[in-house]
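Q: Could you take me through one part of this structure in close detail? I would like to see how two helices meet, and then how that part sits beside the other elements you can describe.

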Amino acid sequence: MNKHINKVAVIGSGIMGSGIACHFANIGVEVLLLDIVPRELTDAEKAKGLTLEDKVVRNRLVNDSLNAALKSKPSPIYHQKFASRITTGNLEDDIAKVSKVDWIIEVVVERLDIKKQVFENLEKHRTPGTLITSNTSGIPIKFMSEGRSEDFQKYFCGTHFFNPARYLKLFEIIPGPKTSTEVLDFLNGYGEKFLGKTSVVAKDTPAFIGNRIGIFSIQSLFHMVKDLGMTVEEVDKLTGPVIGRPKSATFRTVDVVGLDTLVHVANGIYDNCPNDERHDLFKLPDFITTMMDNKWLGSKTGQGFYKKVKDAKGKSEILTLDLDTMDYRSKKSAKFATLELTKTVDKVIDRLAILTDGKDKAGEFYRKSFGQLFAYVSHRIPEISDDLYKIDDAMKAGFGWEHGPFQIWDAVGLDKGLDFIKAENLEAANWVSEMKSAGITSFYSVKDGATYFYDISKKSMEKVPGQDAFIILDNIRKSKEVFKNSGVVVEDLGDGILNVEFQSKMNTIGGDVLSGMNKAIDLAEKDFQGLVVGNQAANFSVGANIGMIFMMAVEQEYDELNMAIKMFQDTMMRMRYSSIPTVAAPHGMTLGGGCELSLHADKVVAAAETYIGLVEFGVGVIPGGGGSKEFALRAQDTFKKNDVELNVLQEYFLTIGMAKVSTSAYEAYDLGILQHGKDIVVVNKDRQIATAKAHAKLMAESGYTKPVKRKDIKVLGKQALGMFLVGTDSMEASRYISEHDKKIANKLAYVMAGGDLSEPSYVSEQYLLDLEREAFLSLCTERKTLERIQHMLKTGKPLRN
């Protein structure tokens, strides 16, 4: 099916509809967003003398919804200017415009009668061959397409985005009775390649895959919490990041999503899945019924499992619901001996066996919850999916789990998992024992860098489809290792390209990482053609190892600190001035030193969800790994396009001084961190390493030549320095900044002005690097800087002093 999606129509502009519209705008698609016409005027409209026939009134609902979405946090759109790709209208005046689109997506209220009415009207204007899909979260697809034409049914299916559409990766595709295979294949590929999603083809069963397993998991915990005498805090402690789940864990997640939403889906499963072997588990516990009666639905009503209040002094406090008394009380800390055993284990997958071996209540909790989960997912095949990897994909992409149920089962061991199931008086599906009898003891295996899964119908290990566009570092790390130290692993990606992957905590950049990067460049220059710096952790890098900087500064080991900063600067300069092309692949948090590394690569292949910036002001210093130098250089390169040189320099200065961080890779262009015509953005993070490799290879094959070091950087000297110093004096006098903030800003001003030169001059990068390093070191002698670093190390938050 050779189809191009240039324009889509989204029908329904609620939170989900506007979110979907924004995400299509994110990827460059033109969007027509339609909603119903209001039947009554607002008081404001009456005061203006408007009527129900005025266009501004007729489009009020859709415009208000879209504007609310664009103002929401986190933003549904990569860049506010992308909103211009969305045109709004209503379902009476503008419905004929759907004849010009390539794909119609229905996102109206979850009522079958209303959806069918909408489809009847849409079919009058839809051009044959146009994709038409529903974003339903659970209404059977087969009912929605009844009575529609053959062409409509051929191009109709469910396409279930998870909310928020920009951030959650799951894209469930649910075929109707007559959906063509070509349509399913097209949507599967489009979701992954263009929308940046994990596409999962699901069967037309209640709640599909993600919500069926996700709601089971939550309902299971709801029933278990009372049995084990556990508190809300204890459950959230055990079901959060320690097992690779979101920080919001279980109860906080329900508060955010809304208890009524969860109850709606749970009731749907209970009513429509009478033959589910755990049918009774979807009944609501008494405490949930009480909360629903009291309208304690979570964030939307101001209270749920948690409630934020203010005491007599106006100080905020978060209270927790006691599930026994149904009263709110102060939060209690949750501590378990089993969790202490995993503190030194960085990888979640390595913690799971330890957690399930625990001798305390935490260990019992994990054995019970995993036992129930393992049994349940085994019985859902082939009901909701024929392939077990799709269940894992759905839970990872839709619920933010780091590992899916079958991956968790592999981590604890097949036999242990079966023991957990037996202890709950449950049974696994027959295919599991058949697999074990055949001598296969894991659901997944890796061969030649590819992931294989146990195919139940074929009774053998089969390659997971669709991997060829990806490079999965976990799969090649051991077999393709070229060099390793405590900070990095260097892997051979093939085709003459190496990858250097950070292995430090939070991918911080310290001595071992820097020495590993230099070794990678040495190897690439000697025997390879190019180098990628990339990883597939949650974040690219949170910056330099400030703990190391703090210890050196406290011990007053300034010579060693000077050498460490110089090594950082020299490594960044090697990224730029090596004889092979270097490509950085940032994603997630890319802060401080991680940003500086990206600034010095020949090319950046950034994931769309990259939050990048120079944040060193927060710990009382200026960027010392080449960031301050690079912004002075980039400012002067912009001088050529802009006559007002001081204004340009000031913009770059403020980006550092205000510690600005982009909320997407596209915003990083505005900050001067990414550069148009050189750097690119990929929407699907899973494709990032492969894309970075392809660009490194292309640069090498196109005849890459080592750049000549810059000695032509125009600095403005006292002219700029005077402007900056007047500005910082004014800011301090107005109490916008502290005395120490002023001192940091003045140091940065000195570097970016090129010192106190009497007139504009041309200098080298090394000249600016020396100024940068001197300024950085002088700030490290300040007591208030050390207080800021110490506070950041303790709390992870900046201190203003």
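**A close look at a helix pair**

A: Happy to. In this predicted model, G511, L514, S515, M517, N518, I521, D522 and E525 of helix α22 meet M567, F568, T571, M572, R574 and M575 of helix α24. Sorted by character, the residues of this contact comprise seven nonpolar, four polar and three charged.

Now for the geometry of the pair. Helix α22 covers residues 511–527 and helix α24 covers residues 558–576; their axes come within 10 Å and cross at roughly 30 degrees. Angles under 35 degrees count as roughly parallel, and α22 and α24 are therefore roughly parallel to each other. As for handedness, α22 passes α24 in a left-handed crossing.

With the helix pair in view, let us turn to the sheets. One is an open sheet of eight strands with mixed pairing, and its order reads β3-β2-β1-β4-β5-β6-β7-β8. At its edges stand β3 (86–90) and β8 (198–201); each has a single partner strand, so one side of each is left without a neighbour in the sheet. From one strand to the next, the twist of this sheet averages 25 degrees.

You can follow the β8 edge down to single residues. Strand β7 (residues 170–175) runs parallel to β8, and four bridges join the two. Within that pairing, E172 has V200 in β8 as its bridge partner.

The other sheet to look at is also open, with three strands in the order β9-β10-β11 and antiparallel pairing. Here β9 (306–310) and β11 (328–330) are the edge strands, each pairing on one side only. The twist in this sheet averages 45 degrees from one strand to the next. Five bridges link β9 with strand β10 (residues 316–321) in the antiparallel sense, and Y306 stands opposite T320 in β10.

Finally, here is a single residue to select in your viewer. E645 lies in helix α27, which spans residues 645–657. Leaving aside residues up to four places away in sequence, E645 touches F639, K714 and L716. For one of those partners there is a distance to go with the contact: E645 and L716 are 71 residues apart in sequence, with their C-alpha atoms 8.6 Å apart in space.

Definitions and conventions:
Residues are numbered from 1 along each chain as its sequence is written. This is a predicted model: local features need pLDDT of at least 70, side-chain atom pairs count only at pLDDT 80 or more; totals for chains, interfaces and linings use all residues. Side-chain values use heavy atoms; hydrogens and water are left out. Contact means heavy atoms within 4.5 Å. Axes are lines fitted to C-alpha atoms, for helices over the stretch in contact, and angles run from 0 to 180 degrees between N-to-C directions. Angles under 35 degrees count as roughly parallel, over 145 as roughly antiparallel, 65 to 115 as roughly perpendicular and the rest as oblique. A crossing is left-handed if the near helix is turned anticlockwise from the far one by less than a right angle, and right-handed if clockwise. Ala, Val, Leu, Ile, Met, Phe, Trp, Tyr, Cys and Pro count as nonpolar, Asp, Glu, Lys and Arg as charged, and the others, Gly among them, as polar. Two strands pair if DSSP finds at least two bridges between them.
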